[in-house]
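Please open the model in your viewer, show side chains as sticks, and follow the stops below in order.

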Amino acid sequence: MRRARLGLAAAMAAGVVLLGAVPASAAPGDGSAYGADVDVTLLGKPAVHVGPLAQASTEGPTSGTLVGIDVPGIAHSGTVQTTAVRDETTGAVDSKATVENLSVGVLGALGTIKADAVTAECHATQDGNAGAATLAGLNLGPLGNVSATPAANTVVNVGALGANVAKITFNEQIANPDGSLTVNAIHVRLLGGVLGSLGSGDVIVSSATCGPAGLPVPLASGAGMWIGLCLLAALGLPAGVWFNRRRATAQAV
């Protein structure tokens, strides 16, 4: 009887070790958002580094607010609002950034980007990642025309003196190596290095990143618990039976 108990205890211990080797829960997906990020060096002027502004993250804080953006000669705006949240039950991630009454003047005399509201958003679910940008009241002046809901990675090239000096990407969507998706509503890139260049660097307005989604149910609850119990039973029962059979054989002899 004592050996049978020891055998069952050993089997149970093995089962506990195996169960403990399984992660308690799978890490859910992450998300983040910000209103603007400025990193430019204009000709003849010091470098300007501002942002990311009004950051939000699924790790907290999950929302951000700013009364406005004020980077002289580069960008101005009204209210900035951002959110980044995840659903612990489904594993879904949602991120969003909105900048109101935007004016981007980094291009100088070549043109100003204006909009009533600029929004970037993305969603990560078990089916994958998706994102979009909305540019309400967008006015590019001499720079051209772009839809309020542009297709992903819509590009407008800005030229001066026969050369491209800047590239503006609307609804920029970037598939990151970690499986997440980044959506930048507006990304102005000063190319530098050419005749008539305005300078170099980047201005990003309304950015949202999310995904991939986490597992919908923590592994330690529900099904995970039952799997552990089944492993325990499967390991414990044969060991107990073996010791009982050996004891019976010894008594018969």
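Is D30 buried, partly exposed or exposed, judged by its relative accessibility? Select D30 to begin: in this predicted model, its relative accessibility is 42%, so D30 counts as partly exposed.

**Stop 1: the salt bridges around R86**

Keep D30 displayed and add R86, whose side chain meets that of D30 in a salt bridge with an N to O distance of 3.3 Å. Because R86 belongs to strand 7 (residues 80-86) while D30 sits in the loop between helix 1 (2-21) and strand 1, the pair ties together parts that are 56 residues apart in sequence. R86 has a relative accessibility of 22%, and therefore counts as partly exposed. Next add E88, which also forms a salt bridge with R86, here with the closest N and O atoms 3.1 Å apart. If you then select E59 as well, you will have the complete network of salt bridges that links D30, E59, R86 and E88. A search of the whole structure finds 4 salt bridges, and another of them appears at a later stop.

**Stop 2: strand 14 and the strands beside it**

Select residues 199-210, which make up strand 14; 10 of its 12 residues are buried, so this strand is largely enclosed by the rest of the structure. Then colour strand 1 (residues 31-42), which runs antiparallel to strand 14 and is joined to it by 11 bridges. To find your place in this pairing, label Y34, which stands opposite S207 of strand 14. Now colour strand 13 (residues 181-191), which is likewise antiparallel to strand 14 and is joined to it by 10 bridges. Here a useful pair to label is I186 with its bridge partner in strand 14, V205.

Remaining with strands 13 and 14, show the side chains of R189 and D202, which meet in a salt bridge at 3.4 Å, N to O. R189 lies in strand 13 and D202 in strand 14, 13 residues apart, and the pair links distant parts of the chain. R189 is partly exposed, with a relative accessible area of 27%, and D202 is also partly exposed, with a relative accessible area of 26%.

**Stop 3: the nonpolar core**

Which residues of the largest nonpolar core touch the most other members? Select I168, I186 and V188, which hold that place among the 47 residues of this core. The elements that give two or more residues to the core are strand 1, strand 8 (93-104), strand 9 (113-125), strand 10 (128-136), strand 11 (154-160), strand 12 (163-175), strand 13 and strand 14. Centre the view on I186 and display its contacts: leaving aside residues up to four places away in sequence, I186 touches L102, I113, V118, L135, I168, T169, F170, V203, I204 and V205. In soluble globular proteins, nonpolar side chains tend to be buried together.

**Stop 4: K96**

Finish in strand 8, where K96 lies. K96 counts as partly exposed, because its relative accessibility is 37%. Beyond residues up to four places away in sequence, K96 touches A33, Q81, T82, T83, T119, A120, E121 and A208. As a last distance to display, take the C-alpha atoms of K96 and A56, which are separated by 9.0 Å although the two residues are 40 residues apart along the chain.

Conventions:
Residues numbered from 1 in each chain as written. Predicted model: local features only at pLDDT ≥ 70, side-chain atom pairs only at ≥ 80, totals over all residues. Heavy atoms only, no water. Buried < 20%, exposed > 50% of the residue type's maximum accessible area, 1.4 Å probe, protein only. Helix = DSSP H or I, 4+ residues; strand = E, 2+ residues; numbered from the N terminus. Pairing = 2+ DSSP bridges. Core = buried A, V, L, I, M, F, W, Y, C linked by side-chain atoms within 4.5 Å. Contact = heavy atoms within 4.5 Å.
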